[in-house]
Amino acid sequence: MSKHILIVDDDEDLSFIIGEMLESYGYKVSRAENAAEAFEMLSGNTYQLVLLDINLPETTGFEICKELRKQSGVPVIFASARTSETDRITGFDIGGDDYIPKPYSMKELLSRVNALMRRAYGFSGEEEIVTFGDVSVNIASRTVTKGGQAVSLSLREFDLLSFLCRHKNIAIEKDRLLSEVWGAFSIVEPSTLTVHIRWLREKLEDNPAKPEFIKTVFKVGYMLEVGK
């Protein structure tokens, strides 16, 4: 599989250093310094991951991510000197997959890139299918159908659903879901998990207000209840 990363950052020197480091570990790297360049490159190329600064000329990385999420579920790592809780929550809620504060070490960045690549693309080619109600989840191909119709999920929504599928009928603690799905190094609030559970219910449950499968387990977390 191609491993092409787009770096969107107006710090040309930093982008060059990051790019050289990633290329030395086998990644192909492209660079954009502003939103216009980023959208042009995204429209004409396929990337497996986007490393996105927040403070950019004329716009923000948040706005780029919002537009990107209308078209693609490509993994996004926000990298920014903005480290407030509000910024981190915003980054996750609009579709970011990780958030690394500047300054950071190249070793930590590489670790996060590798981890996100594994979560997004590292499944084996063998089919692993979980069904509940009229929903079918193919974990290997990362596809979901409901009533025979394809369901569009973001990367994070699918990661959360596949983790629940792999641990079906087991109550999973919220902290474990946050760590396993968002990554051990990610700073993410429990409310972000709640929002993603709600989105999954809205897309997969016949009655999201009274979920039949994606259950809340009081004082524990959540469970995919299958087989009753």
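Which residues do ring pairs link into a cluster? They are F62, F78 and Y99, and this report starts with them before turning to a leucine and a pair of helices.

A word on the source: this is a predicted model, in which local features need pLDDT of at least 70 and side-chain atom pairs count only at pLDDT 80 or more, while totals for chains, interfaces and linings use all residues. Residues are numbered from 1 along each chain as its sequence is written, and side-chain values use heavy atoms, with hydrogens and water left out.

**The aromatic cluster**

Rings of Phe, Tyr and Trp (its six-membered ring) pair if their centres lie within 6.5 Å; planes under 30 degrees apart are stacked, over 60 edge-to-face, and the rest tilted. By this rule the count comes to three aromatic pairs. Two of the pairs are set out here.

| Pair | Centre distance | Plane angle | Class |
|---|---|---|---|
| F62 and F78 | 5.4 Å | 70 degrees | edge-to-face |
| F78 and Y99 | 6.1 Å | 45 degrees | tilted |

The F62 and F78 pair joins distant parts of the chain, 16 residues apart, with F62 in helix α3 (residues 61-69) and F78 in strand β6 (residues 76-80). Helices (H or I, at least four residues) and strands (E, at least two) are DSSP runs, numbered from the N terminus. The F78 and Y99 pair also links distant parts: Y99 belongs to strand β7 (residues 98-101), and the two residues are 21 apart. Both F62 and F78 are buried, and so is Y99. Here buried means under 20% relative accessible area, exposed over 50%, and partly exposed in between (1.4 Å probe, protein chains only).

**A buried leucine**

Helix α5 (residues 106-121) holds L109. With a relative accessibility of 0%, L109 counts as buried. Leaving aside residues up to four places away in sequence, L109 touches I18, M21, L51, I100 and Y104; contact means heavy atoms within 4.5 Å. Between L109 and M21, 88 residues apart along the chain, the C-alpha atoms are separated by 9.9 Å.

**Two crossing helices**

Now look at helix α6 (residues 155-166) and helix α7 (residues 174-182): their axes come within 10 Å and cross at roughly 120 degrees. Axes are lines fitted to C-alpha atoms, for helices over the stretch in contact, and angles run from 0 to 180 degrees between N-to-C directions. α6 and α7 are therefore oblique to each other (under 35 degrees is roughly parallel, over 145 roughly antiparallel, 65 to 115 roughly perpendicular, the rest oblique). The contact is made by R156, D159, L160, F163 and L164 of α6, together with R176, L177, E180, V181 and W182 of α7.
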